[in-house]
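Open the structure in your viewer and keep the selection panel at hand. Please walk through it stop by stop.

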Amino acid sequence: MTDVVVSGLMKQYNTKPALRSLDLSIKSGEFITLLGPSGCGKTTTLRCLAGLERPTAGTVSLGGRVVVDTERGVFVPPDKRHVGMVFQSYALWPHMSVAENVAYPLKIAGVRGQERQDRIRDLLEAVGLEKYEKRQVTALSGGQQQRVALARALAARPGIIFYDEPLSNLDTKLRYQMGQQVRALHNRFETTSVYVTHDQEEAITLSDRIIVMNHGVIEQQGTPEEIYDRPRSAYVADFMGFQNITTGEVVGGSGARAEVKLSGSDIVLGAYADTVPAIGSPVSLAFRSEHIRLADQRPSAVGHFTGTVSRSTFVGSAYNLLLDAEGTTIRARIGRSELDAQNLPTPAPGDALSFEVNAHRALLVEPFDTAAGSGH
Ligand SMILES: Nc1ncnc2c1ncn2[C@@H]1O[C@H](COP(=O)(O)OP(=O)(O)O)[C@@H](O)[C@H]1O
Ligand SMILES: [Mg+2]
């Protein structure tokens with residue numbers, strides 16, 4: 001296992017900044033995910049850590065060893081960093097068999113004879129490919145090829161493995177299974193893992209900690225629960241699937257609860273806030289469509305509103321409703337079990353219903369940074 005400490009990491013391509021002074025530390029044995037939309041700098045970060053890219057400025061140390069220090073001219077090449085890598089494109093050697101691909105890093109590391117054979121067998125068993133040892137890698141399916149790549153990355157027992165969107169070429173069902181396998185291998189081989197993805201679900205299900213990136217900086221980091229439940233900014237809320245991100249004005253509140261009047265409407269919602277801003281402050285508010293439920297007829301109470309259905313989409317276990325709500329648009333997700341429990345028919349366009357927003361789940365968030373162009 002290997003810890004990682006990154007300080008002041010910058011990378012410019014020509015004059016365009018891809019990373020803008022990144023500070024980061026990863027504990028030994030941690031499974032960490034870099035998450036964010038295309039172009040936010042995930043791959044560049046990973047490549048700087050692995051040694052495939054020379055940073056413009058900053059320091060990187062792996063397991064206490066300085067591998068990059070631009071001021072002192074230190075740059076340790078990738079093959080001397082004792083790291084494993086898995087890419088979206090499997091990058092296997094096509095002219096070699098499965099076993100030969102896995103054997104290659106062992107050869108380089110000087111592992112010979114029976115020990116090499118034992119380790120290859122153990123690795124192929126770990127990824128469920130023991131029966132494919134002699135197979136040409138080009139004869140395997142995408143999922144199998146990626147398992148060969150996993151075994152190969154683990155072969156030399158690196159302290160840390162870097163993954164760059166390794167499951168993106170696989171279909172949905174296989175992606176989930178392979179993700180679970182990646183996590184199981186991380187646990188079994190006791191590596192540190194740095195995993196890049198743009199898929200929030202993958203990040204949530206695999207990681208100990210998620211780092212959300214935005215235009216070459218870290219926007220927020222935390223456990224999957226923290227990132228999912230308590231995004232600090234509209235950017236992270238949007239990326240994590242909050243369907244309602246709106247603006248309003250603080251009209252009251254105390255403790256960790258703010259009361260916010262939505263812009264352009266008379267709706268007042270309760271929302272969680274670390275500290276409640278002064279009355280009259282403009283704020284951004286985020287809540288998920290599932291943070292709304294059908295309510296009794298009390299539209300004037302805080303958290304309550306009347307919405308007229310303008311669109312109702314059946315999504316299996318629920319209906320996604322687009323609501324015209326007292327001058328603003330709100331997206332709600334109403335479970336079928338909730339409708340059944342209240343003996344209500346399927347919501348249809350034109351229906352006017354009463355709703356309530358869960359004040360413990362709605363959040364005040366930092367507004368979209370329009371200067372960085374990350375807004376809607
Ligand atoms: N080799 C390169 N040459 C020039 N620009 C690059 C290169 N690699 C990445 N970039 C730019 O750096 C930024 C970050 O890219 P990248 O790290 O690949 O993002 P991500 O992996 O999050 O999609 C993007 O604006 C991208 O266009
Ligand atoms: Mg990338």
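The tour below goes from a ligand to a sheet, then to pockets and cavities. The model is predicted.

**Stop 1: ligand 1**

Select ligand 1 and the residues around it. The shell holds Tyr 13, Lys 16, Ala 18, Pro 37, Ser 38, Gly 39, Cys 40, Gly 41, Lys 42, Thr 43 and Thr 44. By class, that is four nonpolar, five polar and two charged residues. Colour by element next: β2 (16-26) and α1 each supply at least two residues of this shell. The largest share, three residues, comes from α1.

Now show distances. Which side chain places an N or O atom 2.8 Å from an oxygen atom of ligand 1? Pick Lys 42. The side chain of Lys 16 has an N or O atom 2.9 Å from a ligand oxygen. For Gly 41, select the backbone: a polar atom there is 3.1 Å from an oxygen of ligand 1. Then switch to a surface view. Ligand 1 taken alone exposes 560 Å², and the protein buries 60% of that.

**Stop 2: the open sheet**

Stay with β2 and bring in its sheet. Five strands run in the order β2-β1-β4-β5-β6. The sheet is open, with antiparallel pairing. Which strands sit at the edges? They are β2 and β6 (74-75), each paired on one side only.

Select 4-13 and 57-62 for a look at one pair. These are β1 and β4, antiparallel and joined over five bridges. Click Val 5 to find one bridge: its partner in β4 is Ser 61.

**Stop 3: the largest pocket**

Turn on pockets. The largest has a volume of about 590 Å³. Its lining has 18 residues, and those closest to the centre are Asp 79, Val 83, Gly 84, Met 85 and Pro 105. The elements giving two or more lining residues are β7, α2 (98-108) and α4. Highlight β7: with four residues, it has the largest share. Colour by class and the lining splits into 13 nonpolar, two polar and three charged residues.

**Stop 4: the second largest pocket**

Select Tyr 272, Ala 273, Asp 274 and Thr 275, then Leu 363, Leu 364, Val 365 and Glu 366. Add Gln 220, Arg 230, Pro 231 and Arg 232 to complete the lining of the second largest pocket. Its volume is about 250 Å³. Strand β21 (residues 363-365) gives the most to this lining, with three residues. By class, there are six nonpolar, two polar and four charged residues.

**Stop 5: the cavities**

How many cavities of 30 Å³ or more does a search of the whole structure find? It finds two.

Go to the largest, at about 50 Å³. Select Arg 119, Asp 122, Leu 123, Leu 154, Ala 155, Arg 157 and Phe 189 to see its lining. α3 (113-126) and α4 (142-155) each give two or more of these residues. α3 gives the most, with three. The lining has four nonpolar, no polar and three charged residues.

Finish at the second largest cavity, which holds about 40 Å³ of space. Leu 46, Arg 47, Ala 50, Leu 52, Met 85, Phe 87, Phe 162 and Asp 164 line it. Keep Met 85 selected: this residue is also among those closest to the centre of the largest pocket. α1 (42-50), β7 (83-87) and β8 (160-164) each supply at least two residues of the cavity lining. α1 gives the most here, with three residues, and α1 also has the largest share of the shell around ligand 1. By class, this cavity lining has six nonpolar, no polar and two charged residues.

How values were computed
Residues are numbered from 1 along each chain as its sequence is written. Chains are lettered from A and ligands numbered from 1 in the order in which they are written. This is a predicted model: local features need pLDDT of at least 70, side-chain atom pairs count only at pLDDT 80 or more; totals for chains, interfaces and linings use all residues. Side-chain values use heavy atoms; hydrogens and water are left out. On a 1 Å grid over the protein atoms alone, a cavity is a set of points where a 1.4 Å probe fits but cannot get out, and a pocket is an open set with protein on both sides within 12 Å along at least five of seven lines; lining residues have an atom within 4 Å of a point. Grid points are joined across faces, edges and corners, and a volume is the space filled by probe spheres set on the points. Ala, Val, Leu, Ile, Met, Phe, Trp, Tyr, Cys and Pro count as nonpolar, Asp, Glu, Lys and Arg as charged, and the others, Gly among them, as polar. A residue is near a molecule or strand if one of its heavy atoms lies within 4 Å of it. A polar contact is a pair of N or O atoms within 3.5 Å; within protein, one must be able to donate a hydrogen and the other to accept it, and residues adjacent in sequence count only if both atoms are side-chain atoms. Accessible areas come from the Shrake-Rupley method with a 1.4 Å probe; for residues, only the protein chains shown count as cover. Two strands pair if DSSP finds at least two bridges between them.
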